[in-house]
Each structure stands twice: as structure tokens, then as C-alpha cells.
Amino acid sequence: MPQYAVLIYTDDSAHALDATDEQLAEPNGHGDELAASGAMRAAFAFTPRALARSVRVGGVSDGPFVDAPQVVAGVYVIEAPDEDAALAIASTNPAIRGDSGVEVRLIHSGT
């Protein structure tokens, strides 16, 4: 079955190192629901942008690669029979409220 990466774009990640269970209840609950559905294959929540480091030919710098109002806050991999099904699954992500959103990409290759 095809796999799709769902990239989560928000103002910043909710997964600060000192985040409380209450602060993480909604994003973690969504992940738990996807895992229970059998669609989830892997999930990774990133720490906030302040902890990002960028590597370029000139060296390492603080901050995300691109200075943008939104950053990739996490990514998860789902299995779905086709793109429409993947989009339907991704549309349940709580990040799509407000100015945030998700991007769905068919995974071409990997291990």
C-alpha cells in the first residue's frame, strides 16, 4: 500500500522540552487515533524553532533553514490506498485550524 508523509506546518511546535501533558493532549491524541486506525506507520514531533540549527556550506547557524512565519513542526507517515484517502486522513489533523496546515506527499522511496 502506498505511504504518504504528512508534514505539519504551524507557528511553532507544541513539543517544547518542558511541555505539559495538558499542552500535548490534542496533538498526541490525534496521533493515538491514527495509530489505533492502523494508518500510522511512524510519527516524529519536532522541538520548537528556537532549538533548530541549520547547516550550510558556510557552516552552522542558529534557527530554522528558512525564516518564515510557519515551520515544519513534525511529520508522520501513513499508509493509504490512494491520495484521496491520504488527504482524508490528513484532514483530521488539528493543525489545519487557523493559519496552520499540513502537506501530504507520496513517499517515493526509503527504508
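Long-range contacts come first. Among contacts between residues at least 6 apart in sequence, 73% join residues at least 24 apart. The model behind this value is predicted. The protein chain has two helices and six strands. Along the sequence they follow the pattern β-α-β-β-β-β-α-β. The C-alpha trace spans about 40 × 35 × 25 Å along its principal axes.

Next comes burial. The protein chain has 111 residues, and 29% of them count as buried. The accessible surface of the chain is about 7,200 Å². Carbon and sulfur atoms supply 56% of that area.

Now turn to the interior. Nonpolar side chains tend to be buried together in soluble globular proteins. Here the largest nonpolar core has 14 residues. Those with the most contacts inside this core are Y4, V6, Y76, I78, A86, I89 and V104. Strand 1 (3-10), strand 5 (71-79) and helix 2 each supply at least two of the core residues.

Y4 is a good place to look at this core in detail. Leaving out residues up to four places away in sequence, Y4 touches Y76, V77, I78 and A80. The list of its partners also includes D82, E83 and A86. Further along the chain, Y4 touches V104, R105, L106 and I107.

Which residues of helix 2 are buried? They are A86, I89 and A90. Their directions cover an arc of only 95° around the axis, so the three sit on the same side of helix 2. These buried residues pack against strand 1, helix 1, strand 5 and strand 6. Two of them, A86 and I89, are also among the core residues with the most contacts.

Another buried site involves S54 and G63. S54 lies in strand 3 (residues 53-56). With a relative accessible area of 4%, S54 falls under the 20% limit and is therefore buried. Beyond its neighbours within four places in sequence, S54 is in contact with G59, V60, S61, G63, P64 and F65. G63 sits in the loop between strand 4 (59-62) and strand 5. At 13% relative accessible area, G63 is buried too. With its neighbours within four places set aside, G63 is in contact with R49, A52, R53 and S54.

How far apart in space are G63 and A86? Their C-alpha atoms are 31 Å apart, and 23 residues separate them in sequence. A86 belongs to the buried residues of helix 2, while G63 is in contact with S54 of strand 3.

Charged pairs come next. A search of the whole structure finds four salt bridges. One of them joins E26 and R97, whose closest N and O atoms are 2.3 Å apart. E26 lies in helix 1 (residues 21-37), and R97 lies in the loop between helix 2 (83-90) and strand 6 (101-106), so this pair ties together parts that are 71 residues apart in sequence. E26 is partly exposed, at 46% relative accessibility.

A second pair links D62 and R53, at 3.2 Å from N to O. Are its two ends buried or exposed? D62 is exposed, with a relative accessible area of 64%. R53 is partly exposed, at 47%. R53 is also one of the residues in contact with G63.

R105 and E103 form a further salt bridge, with 3.1 Å between N and O. R105 is partly exposed at 48% relative accessibility. E103 is partly exposed as well, with a relative accessible area of 25%. R105 is also among the residues that Y4 touches.

The surface has a nonpolar feature too. F44, F46 and V72 form a patch there. Together they have about 260 Å² of accessible area. V72 is found in strand 5, which also supplies at least two residues of the largest nonpolar core. At 32% relative accessibility, V72 counts as partly exposed, because that class lies between the 20% and 50% limits.

Terms used. Residues are numbered from 1 along each chain as its sequence is written. This is a predicted model: local features need pLDDT of at least 70, side-chain atom pairs count only at pLDDT 80 or more; totals for chains, interfaces and linings use all residues. Side-chain values use heavy atoms; hydrogens and water are left out. A salt bridge is a side-chain nitrogen of Lys or Arg within 4 Å of a carboxyl oxygen of Asp or Glu. Helices (H or I, at least four residues) and strands (E, at least two) are DSSP runs, numbered from the N terminus. Buried means under 20% relative accessible area, exposed over 50%, partly exposed in between (1.4 Å probe, protein chains only). A nonpolar core is a set of buried Ala, Val, Leu, Ile, Met, Phe, Trp, Tyr and Cys residues joined through side-chain atoms within 4.5 Å. Contact means heavy atoms within 4.5 Å. Patches are made of residues with over 30% relative accessible area and no salt bridge: like charges are joined within 9 Å, nonpolar side chains (Val, Leu, Ile, Met, Phe, Trp, Tyr) within 5 Å. Accessible areas come from the Shrake-Rupley method with a 1.4 Å probe; for residues, only the protein chains shown count as cover. The arc is that of the directions from the helix axis to the C-beta atoms.
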